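Work through the exercises below with the sequence and the coordinates open. Each task is followed by a solution in steps.

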Amino acid sequence: MDTVLKVEDLSVHYYTLSGIVRAVEDVSFELGRGEWMSLVGESGSGKSTLGFALLRLVPPPGRIVSGRIFLEGDDITRVPESRMRSIRGSKISMVLQDPLTSLDPLRRIGDQLEEILDVHGVKDEDEKKKRIREAMRNVRLPYDYVSYYPHQLSGGQRQRIAIASGIILNPSVLVADEPTTALDVIVQSKIMDLLDDLRRNLGISIILVTHDLALALERSDKIAVMYAGQIVEESPSKDVAKNPLHPYTRGLIGSIPRLYGPKNIEEIPGFPPDLRNPPTGCRFHPRCKYAMDICSTSEPGYVEVEGRKVRCWLYDKTRGG
Amino acid sequence: MPLLEVVDLKKYFPVEGGVIDRLLGRVKGYVKAVDGVSFTVDRGETLALIGESGCGKTTTGKLVLRLLEPTSGKVIFDGVDITRLKGEDLRRLRRRMQMIFQDPFANLDPRMPVGDQIAEPLVEHGIMEWEEAREEAYKMLERVGLTPVEDFYDRLPLNLSGGQRQRVVIARAMALKPDFVVADEAVSMIDVSMRASIVKLLLRFKEEFNQAMIFITHDISVGRLVADRIAVMYLGKIVEIGGTEQVINNPAHPYTQALLAAVPTIEEKKLKMKLEIKGEVADPKNVPPGCRFHPRCPLATDICMKKEPEMIEVENGHFVACHHHI
């Protein structure tokens with residue numbers, strides 16, 4: 001599988017009045033063509049910031065402080081903003097939780113899709129019509145809906161329109177940030193089916209940003225679990241439920257309610273840290289039941305274990321003894 | 001005798017048109033948020049109300065507590081019909097019934113120290129004086145795990161995390177030792193790693209006070225954690241009700257089956273068939289005739305468009321309203 005996106009040691013900080021928030025720190029991963037990766041984490045884990053950073057859309061006072069993002073070989077952290085604007089949408093694109101915030105309530109769906117094409121220099125009327133027709137078909141909506149306004153659509157249909165606007169320029173990567181959190185489960189499941197079709201039929205690589213580990217495991221090829229701004233584990237989904245490596249991933253698996261299995265769920269004691277002042281050593285150590293002396297003093301490396309990656313001293317063999 | 005009995009409860013909200021309609025007192029129609037719901041909850045029992053947004057589960061919760069006036073139907077609490085209760089009688093009852101909402105922030109006074117917010121209802125209901133109530137609040141904070149208490153008592157809600165705020169809300173509700181609690185999506189906004197502790201907290205108080213509880217949630221797997229019985233709602237009606245394991249292992253309504261198929265889990269699903277559900281929930285202003293689920297139902301036939309299905313018992317204590325139950 002050829003690599004579409006490669007992120008190396010990416011760090012994003014927010015420079016707030018009350019200090020520097022280290023929202024994303026030393027994140028690295030690769031994404032293949034047509035691959036589906038999910039970024040899983042709780043609120044404040046940095047997963048959304050990372051999602052925005054991939055499009056260079058981190059809102060101020062945040063900014064990418066180091067690292068590289070290679071999109072189809074080009075390092076997009078180094079390109080001027082004018083070029084980035086043409087890359088957004090055509091090579092990497094994004095869908096947000098609430099489509100009402102990305103759709104203009106006063107304009108017809110078709111006009112909004114057309115505007116995206118206009119901005120990206122598609123001028124030919126027939127070509128525009130063809131692309132809009134194709135986008136609507138790809139998201140399984142009747143073409144007539146182009147004459148509707150957003151309020152005339154249901155939540156699920158609006159999210160389909162948001163996806164249509166995300167894929168109309170045929171990007172390689174689609175970042176979907178909690179696209180179904182505001183939707184009901186049956187609709188959620190259909191939107192997930194749709195994303196799956198897009199990568200199968202169009203070869204679009206998907207990055208799903210979600211708090212829902214069960215959803216991520218059910219749908220994606222691999223998951224990256226984020227905790228306090230770092231990826232603590234990257235594994236194929238099929239391995240995670242049976243054999244989570246990082247103690248935090250283990251904790252998350254234990255906190256998923258079952259439909260048939262044991263009725264109890266486990267909590268992870270304590271609270272996530274303040275990222276202006278993260279714990280020394282491993283950022284998870286204050287909540288970890290496996291914590292050793294070394295965990296509070298030095299930071300574990302991001303090491304490979306059986307083709308998976310994990311940031312934990314239980315696996316990092318560079319520790320003494 | 002059940003602690004709570006709900007009989008054919010209905011709540012229709014008028015749809016208001018423009019200013020002129022309003023001035024002339026014209027009503028354009030009704031949103032049938034709750035449209036004939038009946039169930040019972042015993043002392044010490046938890047009933048989970050499960051359904052998607054707009055199904056009427058929250059409205060049902062509010063009606064049962066008389067936070068909303070029903071259009072018709074009865075709510076019988078501890079043998080007394082409370083639907084027409086007023087004044088002091090209603091106030092005395094309120095002490096015994098508490099609601100915990102989804103968003104703890106909206107539920108707390110932003111300018112009052114959280115400790116005092118726990119003490120206040122005890123004073124308001126005339127149970128104790130402030131001094132004693134503050135001591136009680138102190139104990140409650142300790143019991144919900146907000147320790148050391150002296151660090152938490154004087155904080156404002158803004159200075160707490162979501163999970164901590166929900167603990168304050170629970171402490172405030174439970175300080176009154178209610179017999180009956182409605183918890184509306186009480187853990188939905190809480191991060192998963194802290195969800196378990198909130199669920200356990202609710203269960204511990206439930207045991208201690210032998211409470212009856214209605215646990216409202218959109219997530220059937222969360223409902224299973226706490227509920228003895230599950231009621232599945234669709235467009236203002238209960239479509240299936242039964243023991244938790246009965247409903248999950250042996251879903252009889254196509255809608256319940258679809259909910260189970262759609263909920264993400266890490267387990268192999270044990271479903272008898274795969275049903276393709278069409279579209280999205282209908283507009284509650286225009287409820288479909290016959291069975292209200294029929295436009296989305298893959299099993300629907302002529303009868304479903306004409307006749308509203310009655311509740312029938314498919315196994316002991318397990319009821320479903322469907323002409324073609326599975």
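The exercises concern a predicted model.

**Exercise 1. Overall build of chain B**

Find how many helices and strands chain B has, and judge how compact chain B is for its length.

Solution. Step one is the inventory: chain B holds 12 helices and 12 strands. Step two is the radius of gyration, which is 21 Å for chain B, while the globule rule gives 20 Å for 326 residues. The two values are close, so chain B is as compact as a globular protein of that length. Step three is the outline: along the principal axes, the C-alpha atoms of chain B fill a box of roughly 65 × 55 × 40 Å. Step four is burial and contacts. Of the 326 residues, 47% count as buried. Among contacts in chain B between residues at least 6 apart in sequence, 64% join residues at least 24 apart.

**Exercise 2. Strand 7 of chain B**

Decide whether strand 7 of chain B is enclosed or open to the outside, and identify the strands that pair with strand 7.

Solution. Begin with burial, for which a residue needs 20 or more other C-beta atoms within 10 Å of its own. Five of the five residues of strand 7 (residues 180-184) of chain B pass, so strand 7 is largely enclosed by the rest of the structure.

Next, sort the residues by face. In a regular strand, side chains alternate between the two faces of the sheet. One side of strand 7 carries B:Phe180, B:Val182 and B:Asp184, the other B:Val181 and B:Ala183, and both sides are covered.

Then look at the pairing. Strand 6 (residues 97-100) of chain B runs parallel to strand 7 of chain B, with four bridges between them; B:Met97 has B:Phe180 as its bridge partner. Strand 8 (residues 212-217) of chain B is also parallel to strand 7 of chain B and is joined to strand 7 by five bridges. Here B:Val182 is opposite B:Ile214.

Last, trace the connection: strand 7, helix 8 (residues 192-209) and strand 8 of chain B make up a right-handed β-α-β unit.

**Exercise 3. Two antiparallel sheets**

Give the strand order of the open four-stranded sheet in chain A and of the one in chain B, and name the edge strands.

Solution. In chain A, the order is 2-1-4-5 and the pairing is antiparallel. The edges are strand 2 (19-32) and strand 5 (74-75) of chain A, each of which pairs on one side only. Strand 1 (residues 3-16) and strand 2 of chain A are held in register by 10 antiparallel bridges, and two residues separate them in a hairpin. To check the register, find A:Leu10 opposite A:Val27 and A:Lys6 opposite A:Glu30.

In chain B, the open sheet has the order 2-1-4-5 with antiparallel pairing. Its edges are strand 2 (30-41) and strand 5 (80-81) of chain B. Strand 1 (residues 4-14) and strand 4 (residues 72-77) of chain B share five bridges in the antiparallel sense, and B:Glu5 lies opposite B:Ile76. Helix 2 (residues 57-64) of chain B packs on this sheet and touches strands 1, 2 and 4 of chain B, its direction making about 115° with that of strand 1.

**Exercise 4. Where the chains meet**

State how many residues of each chain are in contact, and which helix of chain A gives the most to its side.

Solution. Count first: 32 residues of chain A are in contact with 29 residues of chain B. On the chain A side, helix 7 (185-202), helix 8 (213-219) and helix 10 (247-254) each supply at least two residues. Helix 7 of chain A gives the most, with five. By class, the chain A side has 15 nonpolar, nine polar and eight charged residues.

Now follow helix 7 of chain A across to chain B. Helix 11 (residues 254-262) of chain B has seven of its nine residues buried, so it is largely enclosed. Its buried residues pack against helix 7 of chain A, and also against elements of chain B including helix 9 (220-226) and strand 9 (229-234).

**Exercise 5. Backbone exceptions**

Locate the cis peptide bond between B:Thr147 and B:Pro148, and place B:Asn210, which has a positive phi.

Solution. Most residues other than glycine have a negative phi, and most peptide bonds are trans. The bond joining B:Thr147 and B:Pro148 is cis, with omega about -5°; B:Pro148 is in the loop between helix 5 (130-143) and helix 6 (149-152) of chain B. B:Asn210 has a phi of about 50° and sits in the loop between helix 8 and strand 8 of chain B. B:Asn210 has 12 C-beta neighbours inside 10 Å and therefore counts as exposed.

Technical notes:
Residues numbered from 1 in each chain as written. Chains lettered and ligands numbered in written order. Predicted model: local features only at pLDDT ≥ 70, side-chain atom pairs only at ≥ 80, totals over all residues. Pairing = 2+ DSSP bridges. Right-handed = clockwise from strand over helix to strand, strands pointing away. Contact = placed C-beta atoms within 7 Å. Nonpolar A, V, L, I, M, F, W, Y, C, P; charged D, E, K, R; others polar. Axes fitted to C-alpha atoms, helices over the stretch in contact; angles between N-to-C directions. Rg over C-alpha atoms; globule rule 2.2 N^0.38 Å.
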